[in-house]
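The following account leads the reader through a single protein chain, moving from individual residues to domains and the packing between them. Please keep the sequence and the three-dimensional view at hand while reading.

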Amino acid sequence: MRYDVVVVGLGAMGSAILAHCARRGASVLGLEQFARGHDLGSSQGKSRMIRKAYFEDPAYVPLLLRAYDLWRELEHRTGRELLQITGLLMVGHEAAEIITGAQRAAREHDLPLESLTTREIRTRYPMLRVQDDEIGAFEPDGGVLDPERCVQAHLDEASHAGAQMRFGSALENWEVTGDGVVVRLADGDRIESRALVLSLGPWFQETLGRLGVAIRVQRNVQAWFEPATDVYNAGRFPAFLLDRAGLPAPLYGFPDFGDGVKVAFHAHGDLTDAAHLVREIDLARDIAPVVSALDKWMPGASATFRTARPCPYTLTPDSHFVVDRHPAHPGLILCGGFSGHGFKFAPVIGEICADLALGSRSRHNIDFLALRRFAARADPN
Ligand SMILES: Cc1cc2nc3c(=O)[nH]c(=O)nc-3n(C[C@H](O)[C@H](O)[C@H](O)COP(=O)(O)OP(=O)(O)OC[C@H]3O[C@@H](n4cnc5c(N)ncnc54)[C@H](O)[C@@H]3O)c2cc1C
């Protein structure tokens, strides 16, 4: 059999791409090297932040608006709760990128975003320790996705729409033929397809490296704590981002939904690769700095350490994604380098990659995610 599309890697992105291709009636196969629901990639840890006033670049905002709609539609079709609106509090000094960038995106796209003075943050959130030079921005539409449930929802939807899937099935290599691609698996199988989508997460280093994108894989640790107080409970406390002088990186976290508050530094950790990520937690190196930062921001939040898990970021040189066709092989679509902020986009990335795999161009503007920005260093062969 010859498929319309083979999708390799069934994490956040691959599961969404598979679902979107299958829902359009295409014959699709999803390949994943590990078991269904594995926790070795980048798409697990119970919570992922979603927000619209995107400080990283306002160009993402139209994709985010579409992603919110698609998450809600997926919830509706699968009957699963995936997205909870908690609001998002961003705090930093007045020139902090998380504040100025969010304000810029809100201005350009007419998004709701409240500016808060130091005093207003203290009045609204008396439990917090806010410094005198810190101001805030509150995004009422900010929220939290459940990544494990989201991936399963997309996989369920894909299989419901007729997609085939193979777990424990690793891609070994691919070869472009006249009007398609031949995919070879580690077990020796050979599969033919019209189009191939690679969504390999942190396993993308080699492929993207050949195209001039020097990917760095970074070990980021997410930690859970049981607070000594209920003031950080969901419903009373929002998701947050804190950019404070003296911290090793911006601190972000989520309210307590019943399994503790979850906190992490954004883009802070040792560089590694997907095969050598250290999974053990070192309390002194991994947890003590988080506790110290939390004590000065959310007193009582870190009363009891519960657990922690490392998770790889796949960083491009400019921290923006790569979603594009291979420059030499139009039937090959590359979807990676999500740089620690991609999860929230998964369904719209699914829509975009289905557009590319099954048609000529995407309905969304993805020029800013194109490979050509790295072209000077590329060797497509
Ligand atoms: C700690 C942490 C916190 C984050 N927080 C946020 C957040 O709050 N908000 C947000 O939007 N984003 C966040 N992100 C980023 C987001 O989670 C990732 O961008 C996203 O999950 C990446 O999905 P992916 O599908 O590209 O990668 P993955 O989920 O890693 O999936 C890639 C898959 O490809 C498979 N694969 C690789 N090679 C092969 C092969 N040869 N054959 C078969 N299968 C293969 C892998 O096994 C894996 O399952 C965070 C990331 C981390 C690590």
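Ile-287 is placed in helix α7, which comprises residues 283–295. The coordinates belong to a predicted model, and every value given here is to be read in that light. With a relative accessibility of 4%, Ile-287 counts as buried, because the limit for that class is under 20%. Leaving out residues up to four places away in sequence, the side of the chain that Ile-287 touches consists of Val-221, Ala-223, Phe-225, Ile-281, Asp-282, Phe-305 and Ala-308. The C-alpha atom of Ile-287 is separated by 9.6 Å from that of Thr-307, a residue 20 positions apart from it along the chain.

Thr-307 itself belongs to strand β18, residues 304–315. Is Thr-307 buried or partly exposed? Its relative accessible area is 37%, so Thr-307 is classed as partly exposed. Apart from neighbours within four places in sequence, Thr-307 is in contact with Gln-222, Ala-223 and Trp-224. Ala-223 is also among the residues touched by Ile-287. A longer span is given by Thr-307 and Arg-80: these residues are 227 residues apart along the chain, and 26 Å separates their C-alpha atoms.

These residues can now be set within the domain layout. The domain assignment divides the chain into domain 1 (2–45 + 148–215 + 318–377), domain 2 (47–145) and domain 3 (217–237 + 256–313). Between domain 2 and domain 3, the C-alpha centres lie 20 Å apart. Twelve residues from domain 2 and twelve residues from domain 3 take part in the contact.

Thr-86 offers a local view of a loop, the one between β4 (83–85) and β5 (88–92). Its relative accessible area of 19% falls under the 20% limit, and Thr-86 is therefore buried. Beyond its neighbours within four places in sequence, Thr-86 is in contact with Gly-142, Gly-143 and Val-144, and likewise with Pro-238, Ala-239, Pro-255 and Phe-257.

Which residues touch the most other members of the largest nonpolar core? In this core of 75 residues, they are Trp-71, Phe-345 and Ile-349. Domain 1 (2–45 + 148–215 + 318–377) and domain 2 (47–145) each supply at least three residues to this core. A second core, separate from it, has 30 residues, including Leu-89, Ala-249, Val-263 and Trp-297. The surroundings of Trp-71, with residues up to four places away in sequence not counted, are formed by Ile-50, Leu-82, Leu-83, Leu-145, Cys-150, His-154, Phe-343, Lys-344, Ala-346 and Pro-347.

Trp-71 also takes part in the packing of two helices, where it is one of the α2 residues that meet α8. The axes of helix α2 (residues 61–78) and helix α8 (residues 346–358) come within 7 Å of each other and cross at roughly 100°. This angle makes α2 roughly perpendicular to α8. From α2, the residues involved are Leu-63, Arg-66, Ala-67, Leu-70 and Trp-71, and they meet Ala-346, Pro-347, Val-348, Glu-351 and Ile-352 in α8. Sorted by class, this contact has eight nonpolar residues, two charged residues and no polar residues.

The backbone deserves attention at two further positions. Most residues other than glycine have a negative phi. Ser-339, which is not a glycine, has a positive phi of about 50°. Ser-339 is found in the loop between β20 (332–336) and α8, and at 2% relative accessibility it counts as buried. Among residues beyond four places in sequence, Ser-339 is in contact with His-266, Tyr-313, Thr-314, Leu-315, Thr-316, Ser-319 and His-320. Phe-321 is 18 residues apart from Ser-339 along the chain, and their C-alpha atoms are separated by 6.9 Å.

The other position is Ala-267, whose phi is near 60°, again a positive value in a residue other than glycine. Ala-267 lies in the loop between β16 (261–265) and β17 (271–272). Ala-267 is partly exposed, with a relative accessible area of 33%, whereas Ser-339 is buried.

Terms used:
Residues are numbered from 1 along each chain as its sequence is written. This is a predicted model: local features need pLDDT of at least 70, side-chain atom pairs count only at pLDDT 80 or more; totals for chains, interfaces and linings use all residues. Side-chain values use heavy atoms; hydrogens and water are left out. A nonpolar core is a set of buried Ala, Val, Leu, Ile, Met, Phe, Trp, Tyr and Cys residues joined through side-chain atoms within 4.5 Å. Buried means under 20% relative accessible area, exposed over 50%, partly exposed in between (1.4 Å probe, protein chains only). Domain bounds come from an automatic or database domain assignment. Contact means heavy atoms within 4.5 Å. Axes are lines fitted to C-alpha atoms, for helices over the stretch in contact, and angles run from 0 to 180 degrees between N-to-C directions. Helices (H or I, at least four residues) and strands (E, at least two) are DSSP runs, numbered from the N terminus. Angles under 35 degrees count as roughly parallel, over 145 as roughly antiparallel, 65 to 115 as roughly perpendicular and the rest as oblique. Ala, Val, Leu, Ile, Met, Phe, Trp, Tyr, Cys and Pro count as nonpolar, Asp, Glu, Lys and Arg as charged, and the others, Gly among them, as polar.
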